[in-house]
Amino acid sequence: MSLTQERKQELISQYQVHETDTGSGEVQVAMLTDRINRLSKHLQVNKKDHSSRRGLLKMIGQRKRLLSYIQKGDRERYKTLIQSLGIRG
């Protein structure tokens, strides 16, 4: 359930803060959200895949911590990020 190189570059270019940004909080949240969405679709088909379910819960927790970090730093960046990703609301 990993991201392809093309999809990863697409997410980086869409959510980067500056030109050489590859690991800011926004980029990490966007990548995690994409992986979470893909894994959620997988788990709807494969209901007994408990190890993938555990990985999904870990990714959700990581995304929650990153979003909390972004929210503490700049509330407006947080609002635009969750609105563009379509989460929490």
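Buried here means under 20% relative accessible area, and at 6% Glu26 therefore falls in that class. The model is a predicted one, and Glu26 is a handy place to start because this buried residue takes part in a salt bridge with Arg77.

In that pair, the closest N and O atoms of Arg77 and Glu26 sit 2.5 Å apart. Arg77 belongs to helix H4 (residues 75-85) and Glu26 to helix H2 (residues 25-45), so the bridge ties together parts that lie 51 residues apart in sequence. The two ends don't match in accessibility: Arg77 is partly exposed, at 38%, whereas Glu26 is buried.

A search of the whole structure turns up 4 salt bridges. As background, side chains of opposite charge can pair when their charged atoms come close. Another of the bridges links Arg38 to Asp34, with 3.0 Å between the closest N and O atoms. Both residues lie in helix H2, 4 residues apart, which means about one helical turn separates them. Here again the acid is buried, Asp34 having a relative accessible area of 10%, while Arg38 comes out as partly exposed at 35%. Through salt bridges that share partners, Asp34 and Arg38 join Arg7 and Glu10 in one network.

Over in helix H1 (residues 5-15), Arg7 and Glu10 are 3 residues apart, so about one helical turn lies between them. Their own salt bridge has its closest N and O atoms 2.7 Å apart. Neither end is buried in this case: Glu10 is partly exposed with a relative accessible area of 43%, and Arg7 is partly exposed too, at 24%.

Turning to the nonpolar side of things, the largest nonpolar core holds 22 residues. Those touching the most other members are Leu11, Tyr15, Val29, Met31, Leu67, Leu81 and Leu85. Two or more residues apiece come from H1, H2, helix H3 (50-73) and H4. H2 gives the largest share, with 8 residues.

Val29 offers a closer look at one of these well-connected core members. Leaving aside residues up to four places away in sequence, Val29 touches Leu66, Leu67, Ile70, Leu81 and Leu85, and also Arg63. Among these contacts of Val29, Leu67, Leu81 and Leu85 are themselves on the list of core residues that touch the most other members. Helix H2 thus turns up in both parts of the picture: H2 holds Glu26, paired with Arg77 of H4, and H2 also supplies the largest share of the core.

Definitions and conventions. Residues are numbered from 1 along each chain as its sequence is written. This is a predicted model: local features need pLDDT of at least 70, side-chain atom pairs count only at pLDDT 80 or more; totals for chains, interfaces and linings use all residues. Side-chain values use heavy atoms; hydrogens and water are left out. A salt bridge is a side-chain nitrogen of Lys or Arg within 4 Å of a carboxyl oxygen of Asp or Glu. Buried means under 20% relative accessible area, exposed over 50%, partly exposed in between (1.4 Å probe, protein chains only). A nonpolar core is a set of buried Ala, Val, Leu, Ile, Met, Phe, Trp, Tyr and Cys residues joined through side-chain atoms within 4.5 Å. Contact means heavy atoms within 4.5 Å.
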